[in-house]
Amino acid sequence: MTPPLPRHSRITGTGSFLPPNRVSNAQLAASLGADGIETSDAWIVERTGIRFRHFAEATVTCSDLGVEAARRALAAADCDPQAIDLIIVATSTPDMVFPSAACMVQEKLGVHGCAAFDVQAVCSGFVYALSVADSMIKTGLASKALVIGSEVFSRILDFKDRTTCVLFGDGAGAVVLEASDTPGILATELHADGRHVGILCVPGTVSGGKVLGDPLLKMDGPAVFKLAVSVLDSVARSVLAKADRSEADVDWLIPHQANIRIMQSTAKKLKLAPEKLIATVDRHGNTSAASIPLALDEAVREGRIKRGDTVMLEGVGGGFTWGAALFDL
Ligand code: UT7
């Protein structure tokens with residue numbers, strides 16, 4: 001008897017969605033200034049590369065943004081939503097404590113019965129979710145997955161803390177990942193180091209009907225910066241080795257969009273030409289788990305990333321978590 005062919009997973013469609021309210025650095029600086037918080041367009045651009053971010057209306061939730069991105073990815077993949085048998089949402093800002101945002105996306109899509117759950121790995125969330133979906137497809141647990149990164153980080157920002165509130169924005173990105181005879185996802189790699197929980201966190205929770213602790217984002221920016229630069233380099237090299245590829249094989253690098261300085265340093269260490277770096281941080285800010293699929297979708301729709309190109313995704317964030325995925329589109 002001939003052994004069964006190896007099962008691969010392949011991205012067949014991408015989609016994204018940004019809430020319409022686009023806020024420039026100057027607009028944000030003016031509104032913070034009214035509360036006595038000093039910042040400027042010049043500081044934000046120079047230290048981060050960010051020029052704009054989008055903020056969702058108060059009634060718009062993580063699953064609202066996620067389902068729009070999912071619909072666009074399904075259309076791009078020419079995939080009937082009813083055929084989806086797995087939904088994973090990467091988020092740190094779900095609609096409720098429970099159930100998951102993935103169950104809400106499922107309900108909004110009108111597809112019922114398939115597995116649906118959230119992955120919480122902060123800004124590494126999309127790479128984690130993609131890796132889980134890839135594993136589930138390769139082991140036969142799923143055949144057509146929706147993998148979504150969706151965030152409303154504006155809900156957890158402290159607008160009295162200029163060191164963090166200028167950095168983040170809201171948005172969603174999604175891919176359809178399908179079983180395939182040919183690869184696809186070549187390799188993924190995931191890591192976490194809980195010793196660094198305190199450098200990027202929202203140290204609050206709900207208990208006994210009250211918010212316990214502080215429900216707003218805290219970050220030791222320089223500590224996160226230092227760690228991010230180091231782990232992004234090592235994980236890029238190990239995912240390439242796992243896939244038996246080299247730096248020269250990478251057509252496009254899509255790191256988590258947190259800071260243009262970290263992203264450029266990562267590309268430089270890998271000896272990638274600057275034009276191979278996909279950067280949307282200037283227009284989106286840091287959208288945590290949504291940043292990578294948002295950037296991927298924009299680059300695909302602009303015709304930069306094409307079928308057959310080799311793409312490296314790299315996530316890094318709270319936990320501390322980090323990871324990478326290498327795929328042929
Ligand atoms: O999403 C997960 C991953 N996150 C990241 O990768 C973020 C990593 N960290 C960073 O991107 C950077 O550390 C930041 C952009 C957060 C900060 O940049 P930095 O170059 O590390 O600045 P800093 O924190 O060392 O602050 C430099 C100065 C300080 O003033 P003094 O103490 O030198 O007088 C800050 O108070 O800049 C000041 N500052 C600001 N000034 C104007 C901090 N935030 C602002 C601001 N506007 N918004």
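This is a friendly dialogue on reading the features of a predicted model.

Me: Where should I begin with the strands?

Reply: Start with how strands come together. Strands of a sheet pair through backbone hydrogen bonds, either parallel or antiparallel. Here, one open sheet has 5 strands in the order E1-E7-E6-E4-E5, and its pairing is mixed.

Me: Which strands stand at the edges of that sheet?

Reply: They are strand E1 (8–17) and strand E5 (115–119). Each has a single partner strand, so one side of each is left without a neighbour in the sheet. From one strand to the next, the twist averages 20 degrees.

Me: In what sense do E6 and E7 pair?

Reply: Strand E6 (residues 144–152) and strand E7 (residues 170–180) are antiparallel, with 9 bridges. To find a spot where they meet, look at isoleucine 148, which stands opposite alanine 174 in E7.

Me: And in what sense do E4 and E5 pair?

Reply: That pairing is parallel, over 5 bridges. One place to look is alanine 90, whose bridge partner in E5 is valine 119.

Me: Which helices lie on this sheet?

Reply: Helix H3 (residues 62–77) lies across E1, strand E4 (86–90), E6 and E7, and runs at about 125 degrees to E1. Helix H4 (residues 101–109) also packs on the sheet, where it touches E4, E5 and E6. The direction of H4 makes about 130 degrees with that of E4.

Me: How many residues of E4 are buried?

Reply: To read burial, use a cut-off: a residue counts as buried when its relative accessible area is under 20%. In E4, 5 of its 5 residues are buried. Both faces are covered, with Leu86, Ile88 and Ala90 on one side, and Ile87 and Val89 on the other.

Me: Now for the other sheet. What is its strand order?

Reply: This open sheet has 4 strands, ordered E8-E15-E14-E13, and the pairing is mixed. E8 and strand E13 (252–255) are at the edges; each has a single partner strand, so one side of each is left without a neighbour in the sheet. Here the twist averages 10 degrees from one strand to the next.

Me: What joins E14 to E15?

Reply: Strand E14 (residues 310–317) and strand E15 (residues 321–328) run antiparallel and are joined by 8 bridges. Threonine 310 has aspartate 328 in E15 as its bridge partner. Helix H7 (residues 221–242) packs on this sheet and touches E8, E14 and E15, with a direction at about 145 degrees to that of E14.

Me: Is glutamate 189 buried or exposed?

Reply: First find its place, which is in strand E8 (residues 185–192). Glutamate 189 has a relative accessible area of 13%, so it is buried. Its side chain makes a polar contact with the side chain of lysine 242, at 3.5 Å. Among the residues that glutamate 189 touches are Val235, Val239 and Trp322.

Me: How should I read a helix for burial?

Reply: An α-helix has 3.6 residues a turn, so residues three or four places apart point the same way. Helix H10 (residues 291–301) is mostly covered, with 9 of its 11 residues buried. Its buried residues include Ile292, Leu294, Leu296 and Glu298. After H10 comes glycine 303, with a positive phi near 80 degrees.

Me: What about a residue in a loop, such as phenylalanine 159?

Reply: Phenylalanine 159 is in the loop between E6 and helix H6 (162–165). With a relative accessible area of 32%, it is partly exposed. Phenylalanine 159 is in contact with residues including Leu28, Ile37, Phe55 and Cys165. Leucine 146 is 13 residues from phenylalanine 159 in sequence, and the two are 33 Å apart in space, C-alpha to C-alpha.

Me: Last, which residues are closest to the ligand?

Reply: The ligand is surrounded by 24 residues, and the closest are Thr39, Arg47, Arg162, Asn259 and Asn286. Now look at the atom pairs. A polar side-chain atom of threonine 39 is 2.7 Å from a nitrogen atom of the ligand. A side-chain N or O atom of histidine 256 is 2.9 Å from an oxygen atom of the ligand. For proline 222, a backbone N or O atom lies 3.5 Å from a ligand oxygen atom. Taken alone, the ligand exposes 950 Å², and the protein buries 72% of that.

How values were computed. Residues are numbered from 1 along each chain as its sequence is written. This is a predicted model: local features need pLDDT of at least 70, side-chain atom pairs count only at pLDDT 80 or more; totals for chains, interfaces and linings use all residues. Side-chain values use heavy atoms; hydrogens and water are left out. Two strands pair if DSSP finds at least two bridges between them. Helices (H or I, at least four residues) and strands (E, at least two) are DSSP runs, numbered from the N terminus. Axes are lines fitted to C-alpha atoms, for helices over the stretch in contact, and angles run from 0 to 180 degrees between N-to-C directions. Contact means heavy atoms within 4.5 Å. A residue is near a molecule or strand if one of its heavy atoms lies within 4 Å of it. A polar contact is a pair of N or O atoms within 3.5 Å; within protein, one must be able to donate a hydrogen and the other to accept it, and residues adjacent in sequence count only if both atoms are side-chain atoms. Accessible areas come from the Shrake-Rupley method with a 1.4 Å probe; for residues, only the protein chains shown count as cover. Buried means under 20% relative accessible area, exposed over 50%, partly exposed in between (1.4 Å probe, protein chains only).
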